[in-house]
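Q: Please take a close look at one part of this model. I would like the loops and the strands they join, with the salt bridges and unusual backbone angles.

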Amino acid sequence: MPARRAVLAGARYLASYDRRDGQTYCLYGSTQTFADVVTYYRTVLKDRGELVFDAPATHMFEVGSSGDRGRLSARVTVKDYNLDGSPG
């Protein structure tokens, strides 16, 4: 899975969820700023990605595509949980 190769250095594994169709969501946390994490993935994935929500800031990168209908392509989603003074 391409996203595993590109996990941010120092990121902490939090949990994973099985979609029950052979796909797994893996969640990681980081103390780095949202902007720094987005910049890292732009560099590593060689893709600008897309800001899909302003608050909380959420940036998505398409890592690959699937030829199977109904299967999601691999994605990296960066979400800023440090909103309105929350510790994240």
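A: What follows goes through the strands and loops in chain order, after a short overview.

The model is predicted. Its protein has two helices and five strands. From the N terminus, the order is α-β-β-α-β-β-β. The protein has 88 residues, and buried ones make up 17% of them. Its accessible surface is about 6,500 Å², and carbon and sulfur atoms hold 49% of that. Take the contacts between residues at least 6 apart in sequence: 29% of them join residues at least 24 apart.

Start with the strand pair that follows the opening helix. Leu-14, Tyr-17, Tyr-25 and Leu-27 make a nonpolar surface patch of about 400 Å². Strand 1 (12–18) and strand 2 (24–29) are the elements that give two or more residues to this patch. Tyr-25 lies in strand 2. Its relative accessibility is 41%, so Tyr-25 counts as partly exposed. That value clears the cut-off of over 30% relative accessible area that patch residues must meet.

Next comes the loop between strand 1 and strand 2, where Arg-20 is found. Arg-20 has a phi near 70°, a positive value in a residue that is not glycine. Most residues other than glycine have a negative phi. With a relative accessible area of 78%, Arg-20 is exposed. The limit for that class is over 50%, which is why 78% qualifies.

There is also a salt bridge in this stretch of sequence. Arg-19 and Asp-21 form it, with their closest N and O atoms 2.7 Å apart. The cut-off for such a pair is 4 Å, so 2.7 Å falls within it. Asp-21 is partly exposed, at 29% relative accessible area. Arg-19 is partly exposed too, at 30% relative accessibility.

Further along is the loop between helix 2 (34–45) and strand 3, which holds Lys-46. Lys-46 has a positive phi as well, near 55°, and is not glycine. At 73% relative accessibility, Lys-46 counts as exposed.

The loop between strand 3 (50–54) and strand 4 brings another kind of backbone feature. Pro-56 sits in this loop. The peptide bond from Ala-55 to Pro-56 is cis, with omega near -10°. Most peptide bonds are trans.

Now to the later strands. Glu-62 and Arg-75 meet through their side chains in a salt bridge, at 2.8 Å from N to O. This pair links distant parts of the chain: Glu-62 is in strand 4 (residues 57–62), Arg-75 is in strand 5 (residues 75–79), and 13 residues separate them. Glu-62 has 42% relative accessibility, so Glu-62 counts as partly exposed. Arg-75, at 37%, is also partly exposed. Buried would need under 20% and exposed over 50%, so both values fall in between. The count for the model comes to two salt bridges.

To put the parts together: strand 1 and strand 2 each give two or more residues to the nonpolar patch. Arg-20, with its positive phi, lies in the loop between them. Lys-46, again with a positive phi, follows helix 2 in the loop before strand 3. The cis bond runs from Ala-55 to Pro-56, with Pro-56 in the loop between strand 3 and strand 4. Strand 4 and strand 5 are linked by Glu-62 and Arg-75.

Key: Residues numbered from 1 in each chain as written. Predicted model: local features only at pLDDT ≥ 70, side-chain atom pairs only at ≥ 80, totals over all residues. Heavy atoms only, no water. Helix = DSSP H or I, 4+ residues; strand = E, 2+ residues; numbered from the N terminus. Buried < 20%, exposed > 50% of the residue type's maximum accessible area, 1.4 Å probe, protein only. Contact = heavy atoms within 4.5 Å. Areas by Shrake-Rupley, 256 points an atom, 1.4 Å probe, with all protein chains shown as cover. Patch = residues over 30% accessible without salt bridge, like charges linked within 9 Å, V, L, I, M, F, W, Y side chains within 5 Å.
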